[in-house]
Amino acid sequence: MAEQSKKWILMVTAQTPTNIAVIKYWGKRDENLILAINDSISVTLDPAHLCTTTTVAVSPSFQQDRMWLNKKEISLDGARYQNCLREIRARANDYEDEKKGIKISKNDWQNLHVHIDSYNNFPTAAGLASSAAGFACLVFSLAKLMNVQEDNGRLSAIARQGSGSACRSLFGGFVKWVMGKEEDGSDSIAVPLVDEKHWDELVIIIAVVSSRQKETSSTSGMRETVVTSALIEHRAKEVVPKRIIQMEEAIQNRDFPTFAQLTCSDSNQFHAVCMDTSPPIFYMNDTSHRVISCVEKWNRAEGTPQVAYTFDAGPNAVLIARNRKAAALMLQRLLFHFPPNSDTDLDSYVIGDKSILKDAG
Ligand code: ADP
Ligand code: DP6
Ligand code: CO
């Protein structure tokens, strides 16, 4: 490579959807490797609506690794970015493009610098899992650039070291993050449960209550919960393991009532452990609570659940409707209860047509 011209630049662009957990991850047993205290299950969203687009470039003329997030330069010094870059570089392979006269050997990648340009088409750090789409996309695009040959499961273990929830965005459909037992995190990976076609009647509505950046990041929030909450151990050891089994079964059987009951209960319990943290963490606000009441009342009136709600670490509602008809009625209800341009209006709605989508890339 040394004798080649410094003019070439090699680029890869990837797009990765976000994922929303229906059984939540909250709490780490290892902060550096990002190992969870419980398994979690999520659904990967339609990249047409909520996704990260990342372009990674390499050139001998680059002097250092640099990154831009939503058009602003950010520092790559943090351990999460460094861990992802190191793990991908360690697995890089020879690359050759004869036409362009580019030849990069395995070892060259250690000395070549990358420039990363990433953009989220939805609010960043607002509880819509930007860290999930962001780190999954970063790892996926770097792996393509450096000709890494590992499968998405192995890549998920690297994305996990960027942000825990990111490991689940390497697959479409419903995905489980197995917490694993190994100290080195080698068995803490994402596994696809069912693909996006398995339950394609589901429609996901995102009601953006606020696109403002949250006050407590997921990382610091869950750290405080693990240290101070008396409920978290009960949740991680007693409640979640049972729910994981029930949720997997509900997904396999497309059993919407059980799915909805588990999803809503798990979201509520996650926010209960946030409240049980000292000082308490409030991710939901009054509007979020009103969305919950609206869904609960409607589900009860119908006699069987039409919509499940779940809230991540932020005030924004993710509503999973059993089919298109329920989604349309839900949207009508939202517009009625939160009229646009009123005191209680929502920032925006995103409605997925085919909300559960394919694998990353
Ligand atoms: P969220 O609920 O949006 O996931 P988090 O607090 O978990 O919020 O994470 C937000 C952080 O994730 C951001 O401050 C940034 O460090 C990182 N992040 C978000 N988007 C990207 C991206 N596209 N690429 C890399 N990192 C990202
Ligand atoms: C509430 O994955 O954002 O969204 O691993 O510290 O980056 P870090 O946290 P993050 O936490 C996600 C928490 C959650 C639930 C979930 O996605 O499972
Ligand atoms: Co996050």
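**Pockets and the ligand 2 site**

In this predicted model, the second largest pocket has a volume of about 300 Å³. Its lining consists of 14 residues, and Lys 214, Glu 215, Phe 282, Tyr 283 and Pro 315 are the closest to the pocket centre. By class, the lining of the second largest pocket comprises six nonpolar, five polar and three charged residues.

The largest pocket holds about 1,000 Å³ of space. A total of 38 residues line the largest pocket, with Ala 125, Ser 130, Ser 131, Ser 163 and Lys 214 lying nearest its centre. Two or more lining residues are contributed by each of β7 (66-69), α1 (79-90), β11 (113-120), α2 (130-145) and α4. Helix α2 provides the largest share of this lining, five residues. The lining of the largest pocket divides into 15 nonpolar, 16 polar and seven charged residues.

Ligand 2 occupies the largest pocket. It is surrounded by 18 residues, of which Tyr 25, Lys 28, Ser 163, Gly 164 and Ser 165 come nearest. The shell around ligand 2 contains seven nonpolar, six polar and five charged residues. Helix α4 (residues 218-228) gives the most to this shell, with three residues.

Oxygen atoms of ligand 2 are placed 2.6 Å from a side-chain N or O atom of Tyr 25, 2.7 Å from one of Ser 165 and 3.0 Å from one of Ser 131. Taken alone, ligand 2 exposes 460 Å², of which 96% is buried by the protein.

Technical notes:
Residues are numbered from 1 along each chain as its sequence is written. Chains are lettered from A and ligands numbered from 1 in the order in which they are written. This is a predicted model: local features need pLDDT of at least 70, side-chain atom pairs count only at pLDDT 80 or more; totals for chains, interfaces and linings use all residues. Side-chain values use heavy atoms; hydrogens and water are left out. A residue is near a molecule or strand if one of its heavy atoms lies within 4 Å of it. A polar contact is a pair of N or O atoms within 3.5 Å; within protein, one must be able to donate a hydrogen and the other to accept it, and residues adjacent in sequence count only if both atoms are side-chain atoms. Accessible areas come from the Shrake-Rupley method with a 1.4 Å probe; for residues, only the protein chains shown count as cover. On a 1 Å grid over the protein atoms alone, a cavity is a set of points where a 1.4 Å probe fits but cannot get out, and a pocket is an open set with protein on both sides within 12 Å along at least five of seven lines; lining residues have an atom within 4 Å of a point. A molecule sits in a cavity or pocket if more than half of its atoms lie within 2 Å of its grid points. Helices (H or I, at least four residues) and strands (E, at least two) are DSSP runs, numbered from the N terminus. Ala, Val, Leu, Ile, Met, Phe, Trp, Tyr, Cys and Pro count as nonpolar, Asp, Glu, Lys and Arg as charged, and the others, Gly among them, as polar. Grid points are joined across faces, edges and corners, and a volume is the space filled by probe spheres set on the points.
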